[in-house]
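Here is a friendly walk through one protein chain, for anyone meeting it for the first time. Have a look at the picture, then read on.

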Amino acid sequence: MIRRKTKKKKKEKDISIKKIKNYLDAITKKLPIERTGEGFSKRKQIFDGFDKNKNGFISYIEALQGIKEVLGLVEVGECKPAVYRAFLAAKNSQRNRRALSSEFIELNEFRYFLCYLRQYYEYYQMFSLIN
């Protein structure tokens, strides 16, 4: 009996790892993180979609809503710890001259936010499998 339960748990983990990998591949395709002109123009469009009040900054709440509404990544948007860590890492990634830039993400930090978002979401999912 014990062996069957162990095999069943291992099989469940194998299935969920494949599921996570497929979802991560889908996320990677939706996030324009490449350093090209085309990638920048896509990021600019997405940034404008995230920036609801059109002030040139993205708050944490705007980022959560944008992930769900603009990118259509509802599962990632529901994973608040990963989004929050990505937000913090991105907003502190560049030196900015504006006074409000220490609290928000600007366009020059948005690429970092997308990279960190994918990475931290992957970490969150892998650690949730361990627990």
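## Salt bridges

A search of the whole structure, which is a predicted model, turns up six salt bridges. As a general point, side chains of opposite charge can pair when their charged atoms come close.

Let's start with E38 and K42, whose closest N and O atoms sit 3.4 Å apart in a salt bridge. These two are four residues apart in helix α2, so about one helical turn separates them. E38 is exposed, because its relative accessible area is 53%, while K42, with 36%, is partly exposed. Helix α6 has a pair of this kind too: the side chains of E122 and R118 meet at 2.7 Å, N to O. Both lie in α6, four residues apart, or about one turn of the helix. E122 has a relative accessible area of 23%, so E122 is partly exposed.

## A bridge between two parts

Which residue pairs with K52 in a salt bridge? That's E69, with the closest N and O atoms 3.3 Å apart. K52 lies in the loop between α2 and α3 and E69 in helix α3, so the pair ties together parts that are 17 residues apart in sequence. K52 is partly exposed at 43%, and E69 counts as exposed because its relative accessibility is 53%.

## The overall layout

Now step back a little. The chain has six helices and zero strands, so to read along the sequence is to follow the pattern α-α-α-α-α-α. Buried residues make up 33% of the chain's 131 residues. The accessible surface comes to about 8900 Å², and 55% of that belongs to carbon and sulfur atoms. What about contacts between residues at least 6 apart in sequence? Of these, 59% join residues at least 24 apart.

## Inside the core

In soluble globular proteins, nonpolar side chains tend to be buried together. Here, the largest nonpolar core holds 27 residues, and F50, I67, F110 and F113 have the most contacts inside it. Helices α1 (2-30), α2, α3, α5 and α6 each give two or more residues to this core. The biggest giver is α6, with six residues.

Take F110 as an example: leaving aside neighbours within four places in sequence, F110 is in contact with R43, I46, F47, F50, I58 and I105. Helix α3 has its own buried residues, namely E62, A63, L64, G66 and I67. They pack against α2, α4 (74-78), α5 (80-91) and α6.

## A closer look at α6

Does α6 come out longer or shorter than its residues suggest, or in agreement? At 1.5 Å a residue, its 24 residues should span 34 Å, and the end C-alpha atoms are 35 Å apart, which agrees. The buried residues of α6 include F110, F113, L114 and L117, along with E109 and R111.

This helix also has a side that faces out. Y123, which lies in α6 (residues 107-130), joins F127 and I130 in a nonpolar patch on the surface, with about 350 Å² of accessible area together. Y123 counts as partly exposed because its relative accessibility is 40%.

## One more stop on α2

D48 lies in helix α2 (residues 37-50). Is D48 buried or partly exposed? Its relative accessibility is 31%, so D48 counts as partly exposed. The C-alpha atoms of D48 and G66 are separated by 9.7 Å, and the two residues are 18 apart along the chain.

Notes. Residues numbered from 1 in each chain as written. Predicted model: local features only at pLDDT ≥ 70, side-chain atom pairs only at ≥ 80, totals over all residues. Heavy atoms only, no water. Patch = residues over 30% accessible without salt bridge, like charges linked within 9 Å, V, L, I, M, F, W, Y side chains within 5 Å. Areas by Shrake-Rupley, 256 points an atom, 1.4 Å probe, with all protein chains shown as cover. Salt bridge = Lys/Arg side-chain N within 4 Å of Asp/Glu carboxyl O. Buried < 20%, exposed > 50% of the residue type's maximum accessible area, 1.4 Å probe, protein only. Contact = heavy atoms within 4.5 Å. Core = buried A, V, L, I, M, F, W, Y, C linked by side-chain atoms within 4.5 Å. Expected span 1.5 Å × (residues − 1).
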